[in-house]
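Visitor: Hi, please walk me through this model, one spot at a time. I'm putting it on screen now.

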Amino acid sequence: MRTAYSVETVRAAERELMARLPEGALMQRAAAGLAAACADLLGRVYGRRVVLLVGSGDNGGDALYAGARLARRGAGVTAVLLAPGRTHPGGLAALLRAGGTSASPDAAEPLVRRADLVVDGIVGIGGKGGLRPDAARLAELAHASRAAVVAVDLPSGVEADTGEVLGAAVRADLTVTFGTHKPGLLIDPARGYAGSVRLVDIGLDLPEPADLEALQHADVAALLPLPGAESDKYRRGVVGIAAGSARYPGAAVLAVSGALRGGAGAVRYVGPAADAVIARFPETLVSDKGPSKAGRVQAWVVGPGAGDDASAVAEVLDADVPVLVDADGLRLAGRETVRARTAPTLMTPHAGEAAALLGVPREAVETARLASARELAGLYGATVLLKGATTLVADPTGGAVRVNATGTAWLATAGSGDVLSGLAGSLLAAGLRAIDAGSVAAYLHGLAGRFAADGAPAGAHDVAAAIPEAWRDVRD
């Protein structure tokens, strides 16, 4: 599992470690890792042109010491000093002793245009509010050049704790981060500025739990429900699907398709799209008596394509089993009704739906996804899965937020969310906690999207069909 910690936690761990180490040792560890990553990216160091964009903080010092290491291996290294009077003195002296040079920002343009590598050491993890104009100009030059751009710890200009980008920022090809991931490296929109991320262990002792968690294959495999020798379809869990309408029968079909592949032993369907569901999935248990009389289930999914059927939403929310609420169900489920539930609730909005629930513009959610997911979970007393290029799963208890980035842009297609809802609902019925069901479903759904698309357009039904392949990939 990858974890990420806030700036405050990282700074406290750094102070504790520095108190036990010789002066400057921690920066040298970081610089060594940074230099190794730069060398790997360059392939051949000797004769390469490297430009360091150096601000006044410790990130600038890391860049200068790493530049000195590259200069000793034969690279031509120039440091562009954005704050000459406040440049890290030891780092600058080391670079000059190694044969590097320094320059002012006014001289940066031709240097950056000829560079093979640009190292962003402008602002550290404490930076706020985007880059100032002189730094923004250098960031734009680097982005427009042919050089590879490496960010030190975090791309300058992005918000480390939230993933927000509130102004101009560096767009890196590679970010070399120290000690732990920072939330901004895992959350959109900042994640899109980080490029590939390489973690350098510098010996930090970090507490549990982390602020952010990103599951990996082994973590997901450990959570997947597997039948045993004594299992039958009811012991494996039964998930109920209350979805679809005369206008949107396909939503019901797609939600059922995700549920059938999600690990539960059986799927019950309630709603006006029964004929379409049975035609596509004859193994579905269909009822026309409403959710409260559909038979025993271990979890419900309500809302995909449901239109204005408030009665079905109310019946499902009244059930004393875990409930996943999606799409139209989010609009019809009152906040106090959800808060009053004693069984777990998992809400799965996209940014527009989350914005409507919070009473803010969609842009406010898209630029502050982490804060929005946490706020919504707190307001409704429910686990919230905020869909997007990176999916966030926030627990109402305020614990670590789960982040998932296994998906592909091809998942931005009609019905994809319905498949995800059915999949997550099935995992709830199989006994997973809400945060685990949401996290595992997002992970498998993202992988299935990649397998289904394979570089070409794919429909939601293709994504559902690829879930078994994703499941096997995780297990194997």
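Visitor: Let's start with N404: buried or exposed?
Guide: N404 counts as buried, because its relative accessibility is 9%. Buried stands for under 20% relative accessible area, exposed for over 50%, and partly exposed for what lies in between, using a 1.4 Å probe and protein chains only.

Visitor: Before we go on, what should I know about the model itself?
Guide: It is a predicted model, so local features need pLDDT of at least 70 and side-chain atom pairs count only at pLDDT 80 or more, while totals for chains, interfaces and linings use all residues. Numbering runs from 1 along each chain as its sequence is written, and side-chain values use heavy atoms, with hydrogens and water left out.

Visitor: Good. Which strand holds N404?
Guide: N404 is in strand β18, residues 401-404. Strands here are DSSP runs of E with at least two residues, and helices are runs of H or I with at least four, both numbered from the N terminus.

Visitor: And what does N404 touch?
Guide: Setting aside neighbours within four places in sequence, N404 is in contact with A389, T390, T391, A442 and Y443. Contact means heavy atoms within 4.5 Å.

Visitor: How far is N404 from Y380?
Guide: They are 24 residues apart in sequence, and their C-alpha atoms are 22 Å apart in space.

Visitor: Y380 sits in a helix, right? Tell me what α16 meets in α14.
Guide: On the α16 side the contact has S372, E375, L376, L379 and Y380, and they meet A354, L357 and L358 of α14. By class, that contact holds six nonpolar residues, one polar and one charged. Nonpolar covers Ala, Val, Leu, Ile, Met, Phe, Trp, Tyr, Cys and Pro; charged covers Asp, Glu, Lys and Arg; the others, Gly among them, are polar.

Visitor: What's the geometry of that pair?
Guide: The axes of α14 (residues 351-358) and α16 (residues 369-380) come within 11 Å and cross at roughly 50°. That makes α14 oblique to α16. Axes are lines fitted to C-alpha atoms, for helices over the stretch in contact, with angles from 0 to 180 degrees between N-to-C directions. Under 35 degrees is roughly parallel, over 145 roughly antiparallel, 65 to 115 roughly perpendicular, and the rest oblique.

Visitor: How about α9 and α17: left-handed or right-handed?
Guide: Their crossing is right-handed, whereas α14 passes α16 in a left-handed one. Left-handed means the near helix is turned anticlockwise from the far one by less than a right angle, and right-handed means clockwise.

Visitor: How far apart are the axes of α9 and α17?
Guide: The axes of α9 (residues 249-260) and α17 (residues 416-429) are 6 Å apart, at an angle of about 40°. The two helices are therefore oblique to each other.

Visitor: Which residues meet there?
Guide: A251, L254, A255, S257, G258 and A259 of α9 meet D418, V419, G422, L423 and S426 of α17. That contact has six nonpolar, four polar and one charged residues.

Visitor: Switching topic: which residues of α6 are buried?
Guide: A135, A136, L138, A139, L141 and A142 are. Their cover includes β2 (49-54), β3 (76-81), α5 (108-114), β5 (117-121) and β6 (148-152).

Visitor: And how many residues does α6 have?
Guide: Twelve, residues 133-144, reaching 16 Å from first to last C-alpha, close to the expected 16 Å. The expected span is 1.5 Å times one less than the number of residues.

Visitor: Now the backbone oddities. Where are the cis peptide bonds you'd point to?
Guide: One runs from D188 to P189, with omega near 5°, and another joins E208 and P209, with omega about 0°. P189 is in the loop between β7 (174-178) and α7 (191-194), and P209 is in the loop between β8 (196-200) and β9 (212-214). Most peptide bonds are trans, and most residues other than glycine have a negative phi.

Visitor: What is the phi of D153?
Guide: D153 has a positive phi, near 75°. Its place is in the loop between β6 and β7, and D153 is buried at 4% relative accessibility.

Visitor: Last one, D205: buried or exposed?
Guide: D205 is exposed, with a relative accessible area of 55%. D205 touches A13 and E16, not counting residues up to four places away in sequence.
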